[in-house]
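Work through the following exercises with the sequence and the model side by side, and try each task before reading its solution.

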Amino acid sequence: MDNAKPEYLVPALIGGAASGVLLMTPFVNLCCCLWLIPGGVLAAWVLAARTGPGLKAGDGAVVGALTGIVAAVVDAFLGLTPLQSINRSVMRTMADRMAEFSGAQLPQLDRLKEQLAAPPNYTVAGFLIGLFVLAAVLALVGLLGGVIGVAVFGAKKPSPPSQQPPAPPQGHSDAT
Amino acid sequence: MIEPEKANQPKSARLAVGLVYALTVPGILAWLAAIFLAPYLRSRGAGALSALLYAVFAPLCHQIPDRCLVFHGCPLAVCARCLGIYAGFLAGLAGYPFVRGWGSLALPKARLVVLSSLPMGLDFLAGAAGLWASPPGLRIATGLVWGLALPYYFVPGAAELVLRVRSRRAARHVLPMGGIKR
C-alpha cells in the first residue's frame with residue numbers, strides 16, 4: 001500500500017484544495033461541509049482517470065479521507081486570511097436582513113451579531129485543536145464522497161472471460 | 001480449488017462490516033445528541049461547554065439561527081437540513097442490515113445517491129433562485145431522503161478500509177521468505 005500512496009496523494013490534493021477553497025468562499029460556503037462530497041467525488045474521478053477502472057470502495061475511502069484532511073488544512077489556513085473577515089461581514093449582513101424580515105427582535109440573532117462583531121482571537125493551541133477536530137470530521141465526510149465517487153466513476157467490473165473473443169489459433173495464418 | 005484467502009473473505013467482510021456498523025451507530029447517536037445538547041446546555045447556563053459544542057459544529061454548518069430548529073429556547077447546533085441529513089443517516093443505518101446484510105462490500109449503483117440528492121438539490125436551487133422559501137419541515141425532509149442513502153456507501157467503504165489496514169498489519173508479521181513471525 002505504501003507503494004500506492006503517491007497515487008492517492010495527487011487526487012486528494014486536487015479534491016481537497018477545491019473543497020477547502022469552496023468551504024471558505026463567501027455565500028458558496030453556506031453549503032458547509034457538503035462541499036466535501038463533490039470534493040471526494042472529484043478526487044475519485046482523478047484517481048480513476050489516472051489508474052483506470054476497477055477501483056474498489058476502499059480506494060474511494062482512502063482518497064476521500066485524505067481529501068477531507070487536505071480540505072481541513074486548506075480551510076484552516078484560509079481562515080487566517082482576509083477571507084474570514086469577508087465571511088463574517090456576509091454573515092452579519094444576513095443576520096441584519098433576517099432581523100428586518102422577521103420584524104421581531106430575536107435573541108438568537110442578537111447573540112449571533114454580537115459574536116460576529118467581536119474580533120476573532122486566535123491561539124496556537126486553539127488553532128491546532130480546531131484543525132485536528134476539523135480534519136477528523138472532514139475525513140469522514142470526504143470518505144463518503146470518495147466512496148460515492150468510486151460508485152459513480154471507478155467501480156467498473158472487468159468483463160467476464162466468456163464474453164472475450166476466442167484467441168486466434170496459433171501457427172496458422174490466412175495472410176499470405 | 002478455493003484459495004484460502006477467498007474462502008476467508010466473507011467472514012472477514014462480515015467482521016469488518018460489523019465493526020464499522022458497531023462504531024458508526026453510537027457515533028451518529030452521540031453526534032445527534034450533541035446537536036441537541038448544545039442548546040440545552042446554553043439554556044441551563046453551561047455557557048462554556050455549550051459554546052464548545054457549537055464551535056465543533058460551526059465549520060460543518062452555517063448555524064444561521066433562522067434556519068435552525070429551536071430547542072429549550074436556543075437554536076440547535078446545526079440547521080434543519082443538516083439535522084435531516086444526520087437523522088436520515090441514522091435511519092438508513094437502522095435499515096442497513098436488513099437491506100444489505102453483513103457480508104457485502106459491494107457498493108450500490110450511483111443512481112441511488114443521484115436520485116436521493118434530487119429533492120434536496122431542487123429545493124436548494126429553487127430557494128437560491130428565490131422561487132420559494134422552503135419551510136423547515138421541507139428542509140428536514142429533503143435532507144432526510146439524502147441521508148437515508150449515505151450509509152449504503154459509507155459502511156462498505158469504511159469496512160474495506162478496515163480490511164486493508166488489517167491485511168497490511170498481517171503482512172508485517174509475515175517474513176520476507178514466506179515464513180510467519182512467531
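**Exercise 1. Locate B:His62 and describe its surroundings.**

Begin with the secondary structure, in which helices (H or I, at least four residues) and strands (E, at least two) are DSSP runs numbered from the N terminus: B:His62 sits in the loop that joins helix H2 (47-57) to strand S1 (70-71) of chain B. Next, take its accessibility, where buried means under 20% relative accessible area, exposed over 50% and partly exposed in between, computed with a 1.4 Å probe on protein chains only; B:His62 has 14% and therefore counts as buried. Finally, look for a polar partner of the side chain: one of its polar atoms lies 3.0 Å from the backbone nitrogen of B:Ile64.

Before going further, note that this is a predicted model, in which local features need pLDDT of at least 70 and side-chain atom pairs count only at pLDDT 80 or more, while totals for chains, interfaces and linings use all residues. Residues are numbered from 1 along each chain as its sequence is written, chains are lettered from A in the order in which they are written, and side-chain values use heavy atoms, with hydrogens and water left out.

**Exercise 2. Determine how many disulfides the structure holds, and examine B:Cys74 and B:Cys82.**

Apply the criterion of two cysteine sulfur atoms within 2.5 Å; over all chains, the structure holds zero disulfides. For B:Cys74, the nearest cysteine sulfur belongs to B:Cys68 and is 11 Å away, and B:Cys74 is buried because its relative accessibility is 6%. For B:Cys82, the nearest cysteine sulfur is that of B:Cys79, at 3.6 Å, and B:Cys82, at 10% relative accessibility, is likewise buried.

**Exercise 3. Characterise the interface between chain A and chain B.**

Start with the contacts (heavy atoms within 4.5 Å), which involve 35 residues of chain A and 33 residues of chain B. The buried area, that is, the accessible area (1.4 Å probe) lost by the two parts on being put together and summed over both, is about 2,800 Å², with carbon and sulfur atoms giving 79%.

Then search for salt bridges, in which a side-chain nitrogen of Lys or Arg is within 4 Å of a carboxyl oxygen of Asp or Glu. The count between the chains is one, formed by A:Asp59 and B:Arg164, whose closest N and O atoms are 2.9 Å apart.

Last, assign the touching side of chain A to its elements: helices H3 (57-78), H4 (82-102), H5 (107-117) and H6 (124-154) each supply at least two residues, and H6(A) gives the largest share, twelve residues.

Notes: Polar contact = N/O pair within 3.5 Å; in protein donor to acceptor, adjacent residues only side chain to side chain.
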